[in-house]
Amino acid sequence: MRRVLSGWRAPVLLLALLGAWELYVDLGGANSLILPAPHAIAQSLYDDRALLWSNFVVTAEEIVLGVGVAAIVGVVFAIAIHLSSTLRRAVYPLLVASQTIPIPLVAPLLILWLGFGLGPKLIVIALVCFFVIVVTTLAGLTAVDPGLIKLMRTFDASRLRMFRHVELPAALPGLFTGLKIAVVFAVIGAVFAEQAGANAGLGYLVEISIPQLLMARAWAAIVILSLFAIALFALLTLAERLVLPWAYEPTGETHR
């Protein structure tokens with residue numbers, strides 16, 4: 001019963017926020033052409049469902065593939081940096097500097113070089129997600145218990161065996177943490193990429209809806225993006241619980 005009651009806290013808070021939003025707009029706190037009321041957004045979700053769905057499929061594909069590319073490249077970079085101190089000193093500062101480049105500045109260049117296809121969107125999303133995956137995975141690789149390393153050395157374990165059986169499992173929680181953060185960033189990256197140049201996708205739909213003062217439709221697209229990010233986050237959390245059950249074992253007394 002306690003778990004059931006605690007599970008209602010988020011929906012109750014969400015309903016309270018939506019109610020306050022509805023009252024704020026209805027009482028004239030904001031022009032509905034700028035900030036539509038929740039009921040108008042819900043109406044658009046139903047009326048424009050076919051248009052929203054067709055564009056959602058495009059954006060969802062970009063996000064999933066972009067995060068996949070970022071995960072593969074990010075893990076490879078994290079392992080390479082972990083195994084080579086020279087590479088770490090040479091590449092790590094460049095990785096940090098790469099995150100200071102504004103995506104709206106990069107996206108038009110990628111479209112100029114690669115066209116309006118899927119490629120530029122994947123690169124933008126991968127750039128947004130890449131760094132956090134590298135950092136969290138690298139943190140997991142370097143946070144191995146020194147006692148385990150010493151134990152493996154006493155058994156004359158090779159560097160590859162030590163990495164496979166000790167360091168890599170230790171990095172998996174960090175990898176999942178990076179992926180969960182990345183899926184949220186990926187949604188933002190997809191919107192930036194589509195607004196820079198696209199003919200489909202929810203970011204594109206937002207871009208063309210605002211000049212037409214179809215704000216309810218633009219907000220409906222944002223709602224779908226938010227729900228998709230939450231769904232991906234939940235799926236990754238479930239996958240983490242299945243793959244790493246020991247990471248969720250209680251380590252002591254919990255405080256409510």
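Helix α4 is home to Ala60, a convenient place to enter this predicted model. With a relative accessibility of 13%, Ala60 falls under the 20% limit and therefore counts as buried. Along the chain, Ala60 and Val187 are 127 residues apart, yet their C-alpha atoms are separated by 8.8 Å.

From here the view widens to the nonpolar interior. The largest nonpolar core comprises 33 residues, and the members touching the most others are Leu52, Ile63, Val67, Cys129, Ile133, Leu179 and Leu202. At least two residues of this core come from each of α4 (49-83), α7 (118-142), α9 (159-196), α10 (202-209) and α11 (215-243). Helix α11 provides the largest share, with nine residues.

Val67 offers a closer look at this packing. Once neighbours within four places in sequence are set aside, the contacts of Val67 are Ile125, Cys129, Leu179, Ala182, Val183 and Ala186. Apart from the largest core, there is a second, separate one of 10 residues, with Leu95, Phe130, Leu138 and Ala171 among them.

Helix α3 rounds off the picture. Within this helix, which spans residues 38-47, the buried positions include Pro38, Ile41 and Ser44. Viewed down the axis of α3, the buried residues lie within an arc of 120°, and so they line one face of the helix. The partners against which these buried residues of α3 pack are α2 (9-26), α4 and α11. Two of these partners, α4 and α11, also supply residues to the largest core.

Methods
Residues numbered from 1 in each chain as written. Predicted model: local features only at pLDDT ≥ 70, side-chain atom pairs only at ≥ 80, totals over all residues. Heavy atoms only, no water. Core = buried A, V, L, I, M, F, W, Y, C linked by side-chain atoms within 4.5 Å. Buried < 20%, exposed > 50% of the residue type's maximum accessible area, 1.4 Å probe, protein only. Helix = DSSP H or I, 4+ residues; strand = E, 2+ residues; numbered from the N terminus. Contact = heavy atoms within 4.5 Å. Arc of directions from axis to C-beta.
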